[in-house]
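Thanks, everyone; today I would like to talk about aromatic rings and the charges that sit over them. Please have a look at the sequence and the structure first, and then I will go through the contacts.

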Amino acid sequence: MTGLSLAAALGGTLVGAIGFAMSYSTLAKVALSWGFSAGLAPWFPVGVDASIIAFLALDLYLIRKNTPWPLLRMAAHAMTGATIWFNASSQGEISADPVKAASHGVMPVLFVIGVEAARRLIIQKARLEAGTAADRIPLHRWILSPVATPRFYRRMRLHGVISYPEMIRRQQDLTAYEQWLKRKYDGDLGRASEDERLPMKMAAHGYTVAQALEMPERQERDAEVRAEEAERRRLEAETRQELARTQAEADRLEAEGKLEALRARVEGETGQARAHARAQVSAAERAAELEEAALETAVIAEARAREAEADRKAADEREAEADADLRAAELERQAADKRKEAAEADRVAAAEAQAVETAEIAEARKRAAEADRAAAETERAAAETRRRAAEADRLTEEENARKAIVTADTQAVRKRAAEADQAAAEARLAAAEIERRAAEIEDAAKLSPRERSVRKVARMALAAGLVPEGLAVEDIHTGLCERISIADVQRQCDVSSTDTASKYRQEAVALLADGYRPAA
């Protein structure tokens, strides 16, 4: 086989080389005679013959990869026919000398025959390796049984039987079984049971006699298997139901435990809130009383301080007035002394004093005038001091009034804060009571944890101020999303998935749209 393969390969290569060499020379001359230039004429046979090689090689490669494309083979054959025609017609009219024309066209034909042989070999080898190579029906059967053989061939192809002896054996087994059945019932096949007639009925569908006879038993086994599988599924379903009931009971007990814990927590929070509110109110009242007492003490102390300051200033002013009076009296005394001295001088020098005032008298008068001016200045200073004292009293009264207003505002704010804390505590108490009653109702309705979570989200939206009455579903959804975030749902419902929290919100919207309202 190896020698034959090598001989075929060498012979095919030699035939192809000779044929293409002869074709190259002939086609180059034909191209030159057809008007191709001297530079392009040698490339014409290369293009024609190379296309044949390329198409056939690519066809063999695709066959080897189990992806044949018939167009490549037809294109190669078309180019081979063109080459044969070009070579045959290069010597003139084909009818004038057909032998000469055939001698020029026979070599490409031989090459194509060799390639087709290789193609057939590759296809058959691939089928053998894949186990899909079908046996051929012998020619003598077609000749000796021309009517039954086509039906025989049809059954082989329809039923995927690739072995001719296997198909013969099947036909023989069926004929033998039919004859045995006729002998069993004295030629009356109508007396045979349905199961006994199965081989004749199922032969048209590719079943062998053994396979047809085994069919009822196999179907019974399959039915038993299906029944066992159904029973297994039923038992599994019962087990799952029992587990579900057990889990539901466990969930109910857990919910009751949570409800009791919630009640205890709500009662504790309620007591704490009430105690805290009472403590805040008492603290606010005590703080207001202390502030009022401190304010009264501060006002009294401030008034006493202002009275003492006013008395001190009045004493200072009186002392200043006394000092001014003393200075004025001293000045008057000095002036009187001076006048006395002047009178003495006048008396001594009466003649001279009559015409001109002495320098001493003028100086005394000047000092008297200055004393009068100092007394006036002192009086103005005393008046300014009294005015400033009155202004200080007015500012003190205004400051006291402002402090009283601030103190009253502070007490009002603290009172409002205490009232707000008390209202918040009462609101938390009411919300806790609603939550407790809702939990009792949900327990009575035996709702699933998901339904409980959805109702809890709906109650959160209502507690946040959502009023769904008269709103469309889209408006309810918008209002709920504005008031309740995904994080709030995750925290209150104890879920980690944002997708689950989002679905809870959507189901809560539908629940509110359907008219759900918790019992107050």
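For what follows, a residue is called partly exposed when its relative accessible area falls between the buried class, under 20%, and the exposed class, over 50%. By that scale Trp 180, at 39% relative accessibility, counts as partly exposed. Please keep in mind that what we are looking at is a predicted model.

Searching the whole structure for aromatic pairs gives 3 of them, and I will describe two. In the pair formed by Phe 152 and Tyr 164, the ring centres are 5.7 Å apart and the planes meet at 75 degrees, and because an angle over 60 degrees counts as edge-to-face, that is how this pair is classed. Phe 152 belongs to helix α6, residues 148-159, whereas Tyr 164 belongs to helix α7, residues 164-184, so the contact ties together parts that are 12 residues apart in sequence. Phe 152 is buried, with a relative accessible area of 0%, and Tyr 164 is buried as well, at 15%.

The other pair, Tyr 177 with Trp 180, is tilted, with 5.7 Å from centre to centre and 35 degrees between the planes. Both of these residues lie in helix α7, 3 residues apart, which is about one turn of the helix. Tyr 177 is buried, with a relative accessible area of 10%, while its partner Trp 180 is the partly exposed residue I began with.

Finally, to the charges: which residue lies over the face of Phe 152? It is Arg 141, at 4.2 Å from the ring centre. Elsewhere in the sequence, Arg 455 lies over the face of Tyr 516, at 5.7 Å from the ring centre.

How values were computed: Residues are numbered from 1 along each chain as its sequence is written. This is a predicted model: local features need pLDDT of at least 70, side-chain atom pairs count only at pLDDT 80 or more; totals for chains, interfaces and linings use all residues. Side-chain values use heavy atoms; hydrogens and water are left out. Rings of Phe, Tyr and Trp (its six-membered ring) pair if their centres lie within 6.5 Å; planes under 30 degrees apart count as stacked, over 60 as edge-to-face and the rest as tilted. Helices (H or I, at least four residues) and strands (E, at least two) are DSSP runs, numbered from the N terminus. Buried means under 20% relative accessible area, exposed over 50%, partly exposed in between (1.4 Å probe, protein chains only). A charge sits over a ring if NZ of Lys or CZ of Arg is within 6 Å of the ring centre and within 35 degrees of the ring normal.
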